[in-house]
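Have the sequence and the model side by side before you start. We'll go sheet by sheet, then hairpin by hairpin, and finish with a helix.

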Amino acid sequence: MEKITQENFEAKYVDPIEQRQIDHFVCKEMGRQIHRYIKGMSGRKCIMEKFEEQLSTLSEPEKEEAIARYIDLNRKAISGLDFKLVLARAIANYCDTFEYMLEMVNNRQKMEFYLKRIKDKYIQYHEVFEQDGKFGIRDHRGDILISPQYDFLRTCYTYVDDLVTMPIIAQKDGKLGLILPDRKDTVVADFIYDDIQLRDEPPYFEAYIGRKKVLLDGKQA
């Protein structure tokens, strides 16, 4: 009999219906965690409703991707979160008997498989990197989101309930502007500002040319 390893476990030993259902219930639980985070951060019911309204329009894979993007920009949303508990709740929703649930929870290799799967789906952090004295950003796969041509980059860690892609504050030739992490270096605010600060509410950016203040919504024209 072939030895079970993490490499062959999915192909040989995981029921595709079980996997699909566990993914489904994990996604619902992760959405619930974000719901609780937004409630704790803002205390406003409308913010939670807007977030859930946006998620409701997406397919399951799109929801997983959207939640992962949200967590990337709001890493405190999962601060202290025990993924074993997330998985246990998903398994409890999937199983139709208590005995079956115990059997799954006590299957070490299955639990390790699903825990790794959860983290691969939802922990997808980007990183700033330096090349030849300039800075860029790459995603969790190593793909370039922003090319290394900037003197300074600041990722905007803020909770954005409508799941929009937040621009990056960048510096080029001594001036600040806003660019999107879209693999195209799309400029949404020209490099003409002496300072750009992040606000807690829309419009999210407060920019200055000398003493003149300008509010920027960070949206592509």
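Gln197 stands opposite Glu206 in S9. That pair belongs to the match between S8 and strand S9 (residues 205–209), which pair in the antiparallel sense over four bridges. Pairing here means that DSSP finds at least two bridges between two strands. The strands themselves are DSSP runs of E with at least two residues, helices are runs of H or I with at least four residues, and both are numbered from the N terminus.

Before going further, some bookkeeping: this is a predicted model, where local features need pLDDT of at least 70 and side-chain atom pairs count only at pLDDT 80 or more, while totals for chains, interfaces and linings use all residues. Residues are numbered from 1 along each chain as its sequence is written, and side-chain values use heavy atoms, with hydrogens and water left out.

Back to the sheet. S8 and S9 are part of an open, antiparallel sheet of three strands in the order S8-S9-S10. Strand S8 (195–198) and strand S10 (212–216) sit at the edges with a single partner strand each, so one side of each has no neighbour in the sheet. From one strand to the next, the twist averages 25°; such angles are taken between N-to-C directions of lines fitted to C-alpha atoms (for helices, over the stretch in contact) and run from 0 to 180 degrees.

There is another open sheet to look at, with four strands in the order S4-S5-S6-S7 and antiparallel pairing. Its edge strands are strand S4 (152–154) and strand S7 (187–193), each pairing on one side only. Neighbouring strands of this sheet are turned by 20° against each other on average, direction ignored.

Follow S6 for a moment. Strand S6 (residues 175–179) pairs with S7 in the antiparallel sense over three bridges, and Ile179 has Val187 in S7 as its bridge partner. Toward S5, five bridges join strand S5 (residues 168–172) to S6, again antiparallel, with Ile169 opposite Leu178 in S6. How enclosed is S6 by the rest of the structure? Four of its five residues are buried, so S6 is largely enclosed. Buried means under 20% relative accessible area, exposed means over 50%, and partly exposed is anything in between (1.4 Å probe, protein chains only). As background, in a regular strand the side chains alternate between the two faces of the sheet.

Now for the turns. S5 and S6 form a hairpin with two residues between them. Asp173 lies in the loop between these strands and has a positive phi of about 55° although it is not a glycine. Is Asp173 buried or exposed? With a relative accessible area of 73%, Asp173 is exposed.

You can find another hairpin earlier in the chain. Strand S1 (residues 127–131) and strand S2 (residues 134–138) pair in the antiparallel sense over five bridges, and Val128 stands opposite Ile137 in S2. Two residues separate S1 and S2 in this hairpin. Asp132, found in the loop between them, has a phi near 55°, a positive value in a residue other than glycine. At 77% relative accessibility, Asp132 counts as exposed.

Next, helix H4. Its 14 residues (60–73) should span 20 Å at 1.5 Å a residue, and the end C-alpha atoms are indeed 20 Å apart, so expectation and model agree. The expected span is 1.5 Å times one less than the number of residues. The buried residues of H4 include Ala66, Ile67 and Ile71, and also the charged-letter entries Glu64 and Asp72. Asp72 counts as buried at 10% relative accessibility, and its side chain makes a polar contact with the side chain of His126 (2.7 Å). A polar contact is a pair of N or O atoms within 3.5 Å; within protein, one must be able to donate a hydrogen and the other to accept it, and residues adjacent in sequence count only if both atoms are side-chain atoms. Glu62 also lies in helix H4 and is partly exposed, with a relative accessible area of 40%. A polar atom of the Glu62 side chain lies 2.9 Å from the backbone nitrogen of Ser59.

Finally, zoom out. The protein chain has seven helices and ten strands, and 39% of its 221 residues count as buried. Of the contacts with a separation of 6 or more, 46% come from residues 24 or more positions apart, where contact means heavy atoms within 4.5 Å.
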